[in-house]
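Work through the exercises below with the sequence and the model in view. Each task is followed by a solution in steps.

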Amino acid sequence: IEAAKQWFAERAGQREGLESDAMFGKYAGKNVIMIQAEAFQNFVIGRSVNGVEVTPNINKLLEESVYFSNFYHQTSQGRTSDADLAANISLQPLPTGSVFIRYSHHQFDSLPATLKDNGYSTSVYHAYDGGFWNRNTMYHNMRYDTFYNKKDYTIDEPLGWSLGDDSFFRQSIDKMTKQKQPFYSFLISLSSHHPYALPESYQKLDLGDYKGTMFGDYLQSIHYVDIAFGHMVERLKSEGLWDESILLFYGDHDNSIRDWEPFEKFMGKPLNDLDRLKILKQVPLLVHLPGGDQAGVYDDAGGQIDLMPTILHLLGISTADKYLIGTPLVLDKPLAGKTMVLRNGAYTDGKVFYIPAEDGLPEHSKCLDAASGEPLDRNLCSDGAAAARKELVTSDLVVENDLIKAFRQKE
Ligand code: GP9
């Protein structure tokens, strides 16, 4: 317990050290609107099919946003709920099952609770059954003021599992505009859920050879979400919320398509192991700051675990007393030695990419150049691999044994 506490204290110390960074508190008091987009992977960003951009609205918004192009989802079996955990609680998911289901009764330091303690009203929006992934219970524990779920929406655009994202965003903003400011609004989209098939009238891309394939259906559904997102941005502007809010958009996890042939065709090149891993694990992170501040493409490595610390850093709310793994990403000067750890023990610091062996044998693990994918001397990754394991083991200890509660009792 003491070792775990010490490990988290070191992370907290790193974040506290960054409080002198120029971005700390630069957007104090602004609203925060965060969108977690279903199965939204990074490889579609900036790409076209038959001359038409797959994500035209996001591409356009990226010109005035902070875009993290080397950003990863860190999910495991808990899929969407793991992404939510990483983003809003800044802990690693478990190797098996979902923390939302298995440990919803444990104590966590969450983004909504922290913001609530700092005068924010907090809401989470998701147009599906409130009990899915045990959200009703978990969101109560995370101290959201309101969880708007399927029963709070008019299903006026039935699509896929539930309500189409276009209507979902529109109805969510209807609710948001009535919210006391400053607010935190967390929206979980759904239309781009596996298996991605949209009605004919929704299919706007000319897919060519991809037509009739799941990969093609995936591109269509991402294109639809992009259009819905574009409408949402327009609406936020017309409601006067745009310049009063920090907007974040990121993908929750991969699309579960494992046939690499269409990916290779789409990317226009054969894909090596690292290319495939990046396609599978990278999701876009877009942060729009009021006035389009700091706009640009950033290739610093980061993951969903860094979202909560990033938001609190921008708002100037200290996380020195919180048990979080992540560190802020939107910084005046990036944090030296920053790593991103995946649930299987892989890690990257932007220079190397370590991939553990599936059979667990160290001699089958790979230490690769993060840019080229070329193999490097394994020793170059050994310290980082041990640190990654430590992060995962420590996170598991805390989650499974309710250690945050124990730490607090001893304070
Ligand atoms: C349903 C949605 C889907 O509420 O979160 O979750 P997923 O199947 O992607 O984990």
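Two residues are in contact when they have heavy atoms within 4.5 Å of each other. The model is predicted, so local features need pLDDT of at least 70 and side-chain atom pairs count only at pLDDT 80 or more, while totals for chains, interfaces and linings use all residues. Residues are numbered from 1 along each chain as its sequence is written, and side-chain values use heavy atoms, with hydrogens and water left out.

**Exercise 1. Describe the chain as a whole.**

Step 1. Take the secondary structure: the chain has 13 helices and 18 strands. Helices (H or I, at least four residues) and strands (E, at least two) are DSSP runs, numbered from the N terminus.

Step 2. Compare the radius of gyration with the globule rule. The radius is taken over C-alpha atoms, and the rule is 2.2 Å times the number of residues to the power 0.38. For 411 residues a compact globule would have a value near 22 Å, and the chain, with 20 Å, agrees.

Step 3. Add the box: along the principal axes, the C-alpha atoms fill roughly 60 × 50 × 40 Å.

Step 4. Count what is covered. Buried means under 20% relative accessible area, exposed over 50%, and partly exposed in between (1.4 Å probe, protein chains only). Buried residues are 59% of the 411 in the chain.

Step 5. Look at sequence distance: of the contacts between residues at least 6 apart in sequence, 73% join residues at least 24 apart.

**Exercise 2. Set out the sheet that contains β12 and find its edges.**

Step 1. Write the order. Eight strands form an open sheet, β7-β6-β10-β1-β11-β12-β4-β13, with mixed pairing. Two strands pair if DSSP finds at least two bridges between them.

Step 2. Find the ends. β7 (146-148) and β13 (296-298) each have a single partner strand, so one side of each has no neighbour in the sheet.

Step 3. Give the twist, which averages 15 degrees from one strand to the next.

Step 4. Place helix α7 (residues 165-176): this helix packs on the sheet and touches β1 (31-37), β6 (121-125), β7 and β10 (183-188). The direction of α7 makes about 165 degrees with that of β10. Such angles run from 0 to 180 degrees between N-to-C directions, with axes fitted to C-alpha atoms, for helices over the stretch in contact.

**Exercise 3. Which residues stand opposite Leu285, Leu286 and Val287 of β12?**

Step 1. Take the β4 side. β4 (residues 66-68) and β12 (residues 285-288) are antiparallel and share three bridges. Here Phe68 is the bridge partner of Leu285, and Val66 stands opposite Val287.

Step 2. Take the β11 side. β11 (residues 245-251) is also antiparallel to β12, over four bridges, and Phe249 is opposite Leu286.

Step 3. Check the faces of β12: Leu285 and Val287 on one side, and Leu286 and His288 on the other, are all buried.

**Exercise 4. Is Pro284 buried or exposed, and what does Pro284 touch?**

Step 1. Locate Pro284 in the loop between α10 (273-281) and β12.

Step 2. Apply the cut-off: the relative accessible area of Pro284 is 3%, so this residue is buried.

Step 3. List contacts, leaving aside neighbours within four places in sequence. They include Phe40, Ile45, Tyr67, Phe68, Phe249 and Gly251.

Step 4. Note one distance: Gly251 lies 33 residues from Pro284 along the chain, yet their C-alpha atoms are separated by 6.0 Å.

**Exercise 5. Describe the largest nonpolar core.**

Step 1. Define the term: a nonpolar core is a set of buried Ala, Val, Leu, Ile, Met, Phe, Trp, Tyr and Cys residues joined through side-chain atoms within 4.5 Å.

Step 2. Name the centre of the network. The largest core has 58 residues, and Met34, Tyr139, Phe186, Leu248, Leu285 and Leu289 touch the most other members.

Step 3. Find the main contributor: helix α11 (residues 307-315) gives six residues, the most of any element.

Step 4. Separate the other core, which has 55 residues, including Phe169, Ile222, Tyr224 and Phe229.

Step 5. Return to α11, where nine of nine residues are buried. After α11 comes Gly316, with a positive phi near 75 degrees.
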